[in-house]
Amino acid sequence: MSDRMIDLEETATQTGPKGVINDWRRFKLESMDQEHLPPAKRELLRQMSSPNRPKDDSRANLNRKMSVQEYELLKEEDEGCLKKYRRQCMQEMHEKLSFGPKFEGVHDLDSGEAFLQIIEKEHYSTVVVVHIYKVGVKGCEELNNCLDCLAIEYPTVKFCRIDAVASGAAERFSDEVLPTLLVYKAGELLGNFLACTQHLNEEFFAPDLESFLNSYGLLPEKALPGMEDEEENDVE
């Protein structure tokens, strides 16, 4: 039983300050180009995170403090590696907190029945944004273009559109109230915006619509801020 517990401790990702140091040791070992390292440094890295260390010493190795040599090694040429490690940790945390299905593009609905199924059967955590439009009505085409962009930025949101005539409720959605945006989650109507372009500038774009929806708290958080910028800086 004790051997089993030790094996789990060796393979599981650790938490807390000691676990962070141990995870960092492993990440450092895996990410460095060891073939071009001096033998002394390569051996130190191996000692820092060795998968083949004796089992009777595993608890002590996991919980030991970082040595002066290790600390000096972490300081050397470490900025890029530290950025990658931080980005990896943030991404793993973001993925754990982001659950539910993901979607691609805007879904075109062809009937009122399809509209009802989207609302009633979608995952409880999914925000559903439905654009009711009509060809030739001012603002409808522009809003469709905005949704195409937002669908890329928010893959966990289900963006849909349906022609007012195809919805079977054309009498309720006359040209005067189009374009209309309806926002649902878990079958509940969260937002009902008739003639929604009246809340936007005459010339509007995807960021304008995004800001409008965010002002009502209707969109989830996007990808972690700063991660893409860090990747671009690393390339440079």
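**Close-up views of a predicted model**

**View 1. Lys 158, Cys 160 and Ile 162 point one way from S3, Phe 159, Arg 161 and Asp 163 point the other way, and all are buried.** The model shown here and in the views that follow is predicted. Strand S3 covers residues 158-163, and six of its six residues are buried, so the strand is largely enclosed by the rest of the structure. The cut-off behind this statement is a relative accessible area under 20%.

**View 2. Strand S1 lies in parallel pairing with S3.** S1 is made of residues 107-109, and three bridges connect S1 to S3. One residue pair to look for is Leu 109 with Ile 162, its bridge partner in S3. Ile 162 is also one of the buried residues of S3, and it points the same way from the strand as Lys 158 and Cys 160.

**View 3. Strand S2 runs parallel to S3 and is joined to it by six bridges.** S2 spans residues 127-133. Across from Val 128 stands Lys 158 of S3. Between the two strands the chain passes through helix H8, giving a β-α-β crossover from S2 to S3 that is right-handed.

**View 4. The residues of S2 point in two opposite ways.** Val 127, Val 129, His 131 and Tyr 133 point one way, while Val 128, Val 130 and Ile 132 point the other, and all are buried. S2 is thus mostly covered, with seven of its seven residues buried. S2 also has an antiparallel neighbour in strand S4, residues 180-185, to which six bridges join it. In that pairing, His 131 stands opposite Leu 181 of S4.

**View 5. Asn 144 sits in helix H8.** The helix is formed by residues 140-153. Asn 144 has a relative accessibility of 12% and therefore counts as buried, the cut-off being under 20%. Which residues does Asn 144 contact, leaving aside neighbours within four places in sequence? They are His 131, Tyr 133 and Arg 161. His 131 and Tyr 133 are buried residues of S2 that point one way from that strand, together with Val 127 and Val 129. Arg 161 is a buried residue of S3 and points the same way as Phe 159 and Asp 163.

**View 6. The whole protein chain contains ten helices and five strands.** The chain has 236 residues, of which 40% count as buried. Among contacts with a separation of 6 or more, 69% are between residues 24 or more positions apart. The chain exposes about 14900 Å², and carbon and sulfur atoms supply 52% of that area.

**View 7. Two stretches of the chain have pLDDT under 50: residues 1-15 and residues 51-56.** For residues 1-15 the model has 20 contacts beyond four places in sequence. For residues 51-56 it has eight such contacts. Over the protein chain, the mean pLDDT is 76, and 55% of the residues reach 70 or more.

Terms used: Residues are numbered from 1 along each chain as its sequence is written. This is a predicted model: local features need pLDDT of at least 70, side-chain atom pairs count only at pLDDT 80 or more; totals for chains, interfaces and linings use all residues. Side-chain values use heavy atoms; hydrogens and water are left out. Helices (H or I, at least four residues) and strands (E, at least two) are DSSP runs, numbered from the N terminus. Buried means under 20% relative accessible area, exposed over 50%, partly exposed in between (1.4 Å probe, protein chains only). Contact means heavy atoms within 4.5 Å. Two strands pair if DSSP finds at least two bridges between them. A crossover is right-handed if, with the strands pointing away from the viewer, the path from the first strand over the helix to the second runs clockwise. Accessible areas come from the Shrake-Rupley method with a 1.4 Å probe; for residues, only the protein chains shown count as cover. pLDDT is the predictor's confidence in each residue, from 0 to 100.
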